Amino acid sequence: MPSSPFLPAFALSVLRAHAGWFVLVGAVLLAIFSARDHAGSWNDGSRLATVECLVDYHTLAIDRSIFVQVPRPEMGEGPAPYPADLPLLRKYGTCDKLWIGGHYYSDKPPVPALLLAGAYQVWQWCTGLTARDRPDLFCYVLTLASSGLAYVVAVAAVYLLGGALRLPQGPRLLLTGSFALATVALTYARYGNNHVLLLGVASAFFLCAARVAAREQEEAGRRSVRWLVLGMGALAGLGYTIDLGCGPVLFACALALVAYRCRRRGAVALFVLAALPWLATHHYFNYVVGGTFKPANAVPEYLGWPGSPFNSENMTGNWKHGVGSFLVYAAALLFGKRGFIGHNLPLFLALPAVVALLRRRTAELPEVLLGGCWAGGTWLAYALSSNNSSGACCSIRWFVPLLAPGYYVLAIYLRDYPAYRRDFLVLSGWGLALGGLMWVGGPWRLNLVPLFWPIQAAALLSWGYCGYLRRRQVALQLALSGAHHAESAAPGRKAA
């Protein structure tokens with residue numbers, strides 16, 4: 001990290017020595033301050049309902065949950081888990097539910113709820129309180145234990161990833177700060193959701209992958225990758241259970257990466273062995289509840305309860321487009337008014353970065369291809385099987401985990417192409433402004449983020465100006481070099 005006239009030498013030395021701890025503490029404080037003490041949508045209400053009923057009623061059915069049968073404070077039934085400014089949620093409760101065998105169940109994957117039930121049980125033992133007693137504390141604690149923890153893990157993983165990729169300390173901190181503050185990551189840490197959970201898992205996975213790539217290039221490091229491969233398998237298996245859209249795509253790509261990078265049957269066996277418990281747990285509980293090995297929320301009959309807002313026309317999981325409308329919808333998922341790249345401005349730089357790294361055939365090319373295949377496969381899967389842009393939320397919630405491969409690519413690009421660090425700084429600066437507006441509104445929103453188009457236009461114009469300055473600098477250097485050669489050749493001509 002270069003010296004600065006604004007910071008004394010002692011402060012700079014402390015920052016260099018303890019930068020990792022500052023990053024960790026900062027991420028923890030952001031998570032603590034961001035978490036809300038209520039459910040804000042069908043989405044998090046459905047997840048929390050399963051956790052409540054697992055511990056309090058020992059069942060996966062959510063009929064008796066306060067997030068389904070909402071207490072009415074005005075009738076003396078106790079506090080409600082939804083705020084007063086969401087009257088429809090208070091009246092009807094979560095609609096993200098399935099009707100199976102005479103009971104309601106959450107339409108969310110079961111494994112994250114099983115893990116959170118452990119956290120709720122510990123909190124209940126320590127306080128003696130239940131979700132019905134204090135829904136505010138219940139929501140806040142479980143949001144911290146899920147989305148907050150995942151956010152901290154993701155930020156820490158990105159910082160460590162910069163070290164694993166040998167990125168200098170200044171750009172490494174810039175990369176971490178951009179990820180933490182200039183994207184949708186912090187916005188989704190405000191409420192319980194599986195998307196930021198998978199972001200935390202994916203960020204840790206790419207950190208392990210980067211370390212495996214570094215050690216596989218050294219013969220002495222072959223034994224040390226075993227634990228990393230086990231970690232990659234466990235993370236990929238857990239990711240599979242968190243989101244049944246992009247999780248299985250991550251698992252398939254990760255398996256291919258381990259097979260190519262390690263090129264040993266034993267490594268592949270370790271990967272599968274570590275993933276298997278997660279996969280088995282998910283499919284067991286999914287089958288117990290829904291009697292099917294495919295996602296239970298992909299069964300149209302389970303969505304046919306009275307008053308259900310879902311049907312075969314708007315449920316995710318089947319083709320709904322003509323060719324023309326599909327192309328428009330697929331592009332809008334990335335660049336439209338709710339487009340994922342437009343809401344995460346530094347990712348604009350990741351687009352040319354991928355092309356440059358592929359042409360250069362960087363040493364981390366297999367991992368870059370993994371990230372590209374996972375991101376592209378997830379985007380294509382949801383473009384083919386949905387038509388609602390992931391519902392009422394900030395940007396496209398399905399794509400939140402794809403920040404992990406995006407920032408992996410950016411880390412390599414900032415290391416190998418230092419001239420583009422200014423571009424990244426400019427995009428991250430505008431991303432910080434947009435990120436603040438997204439954070440205020442939270443992840444569950446119906447309207448466009450305020451000033452979305454002006455900020456995006458300003459970011460792209462500023463980025464274009466960075467390109468102009470870079471080309472101008474190159475032209476000036478070429479001109480100076482030409483003048484220098486001309487001057488050095490002049491005495492020779494005179495002598496001749």
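In the predicted model, C208 counts as buried, because its relative accessibility is 15%, below the 20% limit applied to buried residues. C208 takes part in no disulfide, and the nearest cysteine sulfur, that of C262, lies 12 Å away. A second cysteine, C393, also counts as buried, with a relative accessibility of 3%. C393 is likewise in no disulfide; the nearest cysteine sulfur belongs to C394, at 7.5 Å. A disulfide is a covalent bond between the sulfur atoms of two cysteines. The sulfur atoms of such a pair are required to lie within 2.5 Å, and therefore neither the 12 Å separation for C208 nor the 7.5 Å separation for C393 qualifies. A search of the whole structure returns 0 disulfides.

C262 reappears in the description of the internal spaces, of which the structure holds 2 cavities of 30 Å³ or more. The second largest cavity encloses about 30 Å³, and C262 is one of its lining residues. The remainder of this lining consists of A209, V212, V229, M232, L257, V258, R261 and E367. At least two lining residues are supplied by each of helix 8, helix 9 (225-242) and helix 10 (247-262). Helix 10 provides the largest share, 4 residues. By class, 7 of the lining residues are nonpolar and 2 are charged, with no polar residue present.

The largest cavity has a volume of about 50 Å³. Its lining is formed by A157, V158, L161, S203, F206, A404, Y407 and Y408. The elements that contribute two or more of these residues are helix 5 (135-164), helix 8 (194-216) and helix 16. This lining comprises 7 nonpolar residues and 1 polar residue, and no charged residue is found in it. Helix 8 thus gives two or more residues to the lining of the largest cavity and at least two to that of the second largest cavity.

Among the open spaces, the second largest pocket has a volume of about 420 Å³. Eighteen residues line this pocket, and I341, A350, L351, A375 and G376 are the closest to its centre. Two or more lining residues come from each of helix 13 (340-343), helix 14 (347-360), helix 15 (365-385) and helix 16 (403-416). The largest share, 6 residues, is that of helix 15. The lining holds 14 nonpolar and 4 polar residues, and charged residues are absent from it.

The loop between helix 15 and helix 16 contains S386, S390 and S395. S386 counts as buried, its relative accessibility being 0%. The side chain of S386 forms a polar contact with the side chain of Y329 at 2.6 Å and reaches the backbone oxygen of Y382 at 2.5 Å. The C-alpha atom of S386 is separated by 23 Å from that of H283, a residue 103 positions away along the chain.

The other two serines in this loop were examined for their backbone geometry. Most residues other than glycine have a negative phi. S390, however, has a positive phi near 75°, and the phi of S395 is also positive, at about 60°. Both residues are buried: the relative accessible area is 1% for S390 and 2% for S395.

Outside this region, D96 occupies the loop between helix 3 (87-92) and strand 1 (97-100). D96 is a buried residue, because its relative accessible area of 7% falls under the 20% limit. The side chain of D96 makes a polar contact with the side chain of K108 at 3.1 Å. A polar atom of the D96 side chain also lies 3.4 Å from the backbone nitrogen of N43. Both N43 and K108 are among the residues that D96 touches, when residues up to four places away in sequence are not counted. The surroundings of D96 further include W42, S46, Y105, S106, D107 and F310.

Note on methods
Residues are numbered from 1 along each chain as its sequence is written. This is a predicted model: local features need pLDDT of at least 70, side-chain atom pairs count only at pLDDT 80 or more; totals for chains, interfaces and linings use all residues. Side-chain values use heavy atoms; hydrogens and water are left out. On a 1 Å grid over the protein atoms alone, a cavity is a set of points where a 1.4 Å probe fits but cannot get out, and a pocket is an open set with protein on both sides within 12 Å along at least five of seven lines; lining residues have an atom within 4 Å of a point. Grid points are joined across faces, edges and corners, and a volume is the space filled by probe spheres set on the points. Ala, Val, Leu, Ile, Met, Phe, Trp, Tyr, Cys and Pro count as nonpolar, Asp, Glu, Lys and Arg as charged, and the others, Gly among them, as polar. Buried means under 20% relative accessible area, exposed over 50%, partly exposed in between (1.4 Å probe, protein chains only). A polar contact is a pair of N or O atoms within 3.5 Å; within protein, one must be able to donate a hydrogen and the other to accept it, and residues adjacent in sequence count only if both atoms are side-chain atoms. Contact means heavy atoms within 4.5 Å.
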